[in-house]
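Me: I want to learn how to read a ligand site and the cysteines in a model. Can you walk me through one?

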Amino acid sequence: MLTTADTIRSRRSIRGFLPAEVPAATLSEIFSLAQYAPSNCNTQPWITHVASAASRDRLQQHLSQATLDPARYAPDFPYDGKYDGIYRERQYDAAIRLYGAMGIARDDKAGRARSFQRNFEFFGAPHVAFVFLPEPFGMREAADCGMYTQTLMLAMAAHGIASCPQTSLSFHPQVVREVLDVAPSFRLLFGISFGYEDTTIDANTCRTDRAELACAVHFHR
Ligand SMILES: Cc1cc2nc3c(=O)[nH]c(=O)nc-3n(C[C@H](O)[C@H](O)[C@H](O)COP(=O)(O)O)c2cc1C
């Protein structure tokens with residue numbers, strides 16, 4: 001069994017999976033563990049839908065199609081992917097590392113577009129979880145969902161299951177709601193592709209960096 005520190009360090013975003021499904025008992029265990037996440041007033045505002053097998057394949061088909069038409073881009077929560085200053089530098093650094101690992105040159109627009117499209121194929125993962133926030137919840141409860149999702153991904157990591165959290169999977173919420181029969185009052189925050197890592201995939205050699213502790217944390221006495 002991994003220590004807590006090892007589990008935290010071992011979680012990375014994985015972008016290439018083996019087709020093997022996670023056993024149902026393990027699915028139940030990891031999603032039960034995620035329920036221990038804290039939340040404002042213990043409201044537990046997350047509603048998660050997990051798609052596998054035929055529903056996963058239908059989502060891949062419909063999302064891959066939807067993303068080809070820019071007019072269909074309609075996330076429940078606005079996102080333009082534009083950052084400034086140090087945040088832009090970190091975004092660039094992460095992209096350079098990822099595309100570098102995949103051998104995609106900076107000016108290779110077609111290569112980048114193809115690799116972006118893999119988001120909607122769940123990078124080959126056999127499972128995808130979608131985290132919804134019920135109306136009328138807002139930013140505070142969305143933060144609860146962030147805590148829930150990291151707890152979930154750490155529970156997965158502790159069980160040898162790889163994952164990739166994806167804002168891109170929230171770009172067409174109406175498609176996801178239709179395929180999974182979810183009411184419009186549930187707004188989609190993000191998706192998480194997960195399964196067993198395919199260690200032969202170049203993208204999975206990517207390692208991201210982190211800022212020095214002093215850039216993020218200020219200790220006061
Ligand atoms: C909320 C959220 C959304 C993300 N969306 C995407 C995405 O759409 N596609 C993708 O390939 N990676 C996505 N990522 C993964 C980040 O790029 C990754 O977490 C970051 O570069 C740090 O790398 P690491 O997860 O390997 O530590 C997302 C991460 C988070 C937390």
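The dialogue below takes the ligand site, then the cysteines.

Reply: Keep in mind that this model is predicted.

Me: Where do I start with the ligand? Which residues surround the ligand most closely?

Reply: Start with the shell. Here 13 residues surround the ligand. Ser-13, Arg-15, Asn-119, Ser-168 and Arg-210 are the closest.

Me: What is the make-up of that shell, by nonpolar, polar and charged residues?

Reply: Sort the shell by residue class. Six of its residues are polar, four are charged and three are nonpolar.

Me: Which side chains have a polar atom by the ligand?

Reply: Look for N or O pairs within 3.5 Å. Ser-168 places a side-chain N or O atom 2.7 Å from a ligand oxygen. Asn-119 has a polar side-chain atom 2.9 Å from a ligand nitrogen. For Thr-208, a polar side-chain atom is 3.0 Å from a ligand oxygen. Next, check the cover: the ligand alone exposes 620 Å², and the protein buries 67% of that.

Me: Which pocket does the ligand take up?

Reply: Compare the ligand's place with the pockets. The ligand takes the space of the largest pocket.

Me: Now the cysteines. How many disulfides does the structure hold?

Reply: Count sulfur pairs within 2.5 Å. The structure holds zero disulfides.

Me: Why does Cys-41 not bond to Cys-145?

Reply: Check the sulfur distance. The closest cysteine sulfur to that of Cys-41 is in Cys-145, but it is 15 Å away, so it is too far for a bond.

Me: Are Cys-41 and Cys-215 buried or exposed?

Reply: Exposed means over 50% relative accessible area. Cys-41 has 78%, so it counts as exposed. Cys-215 is exposed too, at 54%.

Conventions: Residues numbered from 1 in each chain as written. Predicted model: local features only at pLDDT ≥ 70, side-chain atom pairs only at ≥ 80, totals over all residues. Heavy atoms only, no water. Near = heavy atom within 4 Å. Polar contact = N/O pair within 3.5 Å; in protein donor to acceptor, adjacent residues only side chain to side chain. Areas by Shrake-Rupley, 256 points an atom, 1.4 Å probe, with all protein chains shown as cover. 1 Å grid on protein atoms, 1.4 Å probe; cavity = no way out; pocket = protein on both sides within 12 Å on 5 of 7 lines; lining within 4 Å. Sits in = over half its atoms within 2 Å of the grid points. Nonpolar A, V, L, I, M, F, W, Y, C, P; charged D, E, K, R; others polar. Buried < 20%, exposed > 50% of the residue type's maximum accessible area, 1.4 Å probe, protein only.
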